[in-house]
Amino acid sequence: MTAPTPRRDTRLDRFVDNYAERTQGMKVSAVRALFAVANRPEIVSLAGGMPNIKDLPLGDIADHMAEMIRANGMQVMQYGSGQGEPRIREQITGVMALEGITALADDVMISAGSQQGLDLVTRVFCDPQDVVLAESPSYVGAIGTFASYQVEVVHVPSDVSGLDPTALRETVAHVRAAGKRIKFLYTIPNYSNPSGLTQPWQRRLDVLQVCAELDILVVEDNPYGLLALDAEPVPAMRSVDTDVIYLGSFSKTFAPGFRVGWVLAPHAVREKLVLAQESATLCPPVFSQFAISNYLETSNWQEQIVSFRSMYRERRDAMLSALHDHMPAGTSWTRPIGGFFVWVTLPEGIDSQAMLPRGVDHRVAFVPGTAFYADGQGNRNVRLSYCFPTAERIVTGVERFADVVRSEIDMLDIFGVKSPSPHAHTPGPGADVT
């Protein structure tokens, strides 16, 4: 038998006609696209949200994992339950209790990070052309997930206290008047990615009240919840409303490489999520579940979180101080009380996306604000991350970033665009100037 003659196709992608329509919504993450540049040693990266795990007791963890394999290798290296292992699900209820959540282990489903949890929730609830409401701005990974399921994202305006309940009510009315179907509200109430804003307790209650009145499901994403930097964490929305679907993760409080998160959901929803999980992966990673369970059992993990909070506080303070000392007039920024990010509003006329190549030339990486909107907003915004670089590198990075902004202002002057007033910083939407 002779081999078939290869197709002669001059198109770069000859399979394009066979792709599902939903692939049109799949786009490269703006954050991931920066990794190659941000990892260059001469670049100070204020772009990625990678946790700093150098202070973990890696030697002790390695010893405990080796013993775990010797004692239970046949179990930890085998297939497991689609819902996740009972032991870690029970431990997770104790983790969530730190934020006021009372839950049963049976209502917890393990996922490959909270990102997969959100993917499965979207898969279970959303059809093409459905609407998901998301605070403004919102997590780039969530926007990508919604787009991959052909879901329309409608942003709800935020203020200095996060999601605005009055704007939420108005947005729901507007979407429904257009004949569209809203499936849920997606929110990150604690130290939001990218804005760094936190919803105060009363604001959370107000948002929940609006959603209850308008029959809107709430999906609460809380990967940073225990990383409060100035006070104890605000209780989760799920702590007062058991209909809230809650997404959690060990990526920020332990290590992201294990890819273990979870979904806490009402029982009937949890059953659907397990079915979706089984069709996607058969089961979440068993070895990772046992590794984290072992860590929770053998280490002082709460004290480790205290250590993380101290380290991130120092870095947050270094960034805020450097912004205050070096940023030109007309710039404003948020002051996060936890998490990893500061949201910067640039002077009028500056486009953060167009500014990015000049940032690389100045050896600093950042994420343009347009990445965190589904509708083209955010061209005057930038997300800066303080979680990974040292305090000294953060100061250097902010100095370089400020130089880039000043050069953009100079370009505006050259082309006759009115430059910002040389007086105090002018706050932008949701910004708190310090």
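This passage walks through the overall make-up of the protein, one helix pair and a few unusual backbone sites.

The model is predicted, so local features need pLDDT of at least 70 and side-chain atom pairs count only at pLDDT 80 or more, while totals for chains, interfaces and linings use all residues. Residues are numbered from 1 along each chain as its sequence is written, and side-chain values use heavy atoms, with hydrogens and water left out.

The protein holds 13 helices and 15 strands (DSSP runs of at least four residues for helices, H or I, and at least two for strands, E, numbered from the N terminus). Of its 434 residues, 53% count as buried, that is, under 20% relative accessible area with a 1.4 Å probe, protein chains only; exposed means over 50%, and partly exposed lies in between.

Helix H7 (residues 165–177) and helix H8 (residues 201–214) offer a good place to look more closely. Their axes, lines fitted to C-alpha atoms over the stretch in contact, come within 9 Å and cross at roughly 25°. H7 is therefore roughly parallel to H8, a term for angles under 35 degrees between N-to-C directions, on a scale from 0 to 180 degrees. Among the residues making the contact (heavy atoms within 4.5 Å) are Leu168 and Val172 of H7 and Val207 and Val210 of H8.

The loops hold some notable backbone sites. A cis peptide bond joins serine 136 and proline 137, with omega about 0°; another joins asparagine 193 and proline 194, with omega about 25°. Aspartate 215, not a glycine, has a positive phi of about 60° and is exposed, at 66% relative accessible area.

Key: Parallel < 35°, antiparallel > 145°, perpendicular 65-115°, else oblique.
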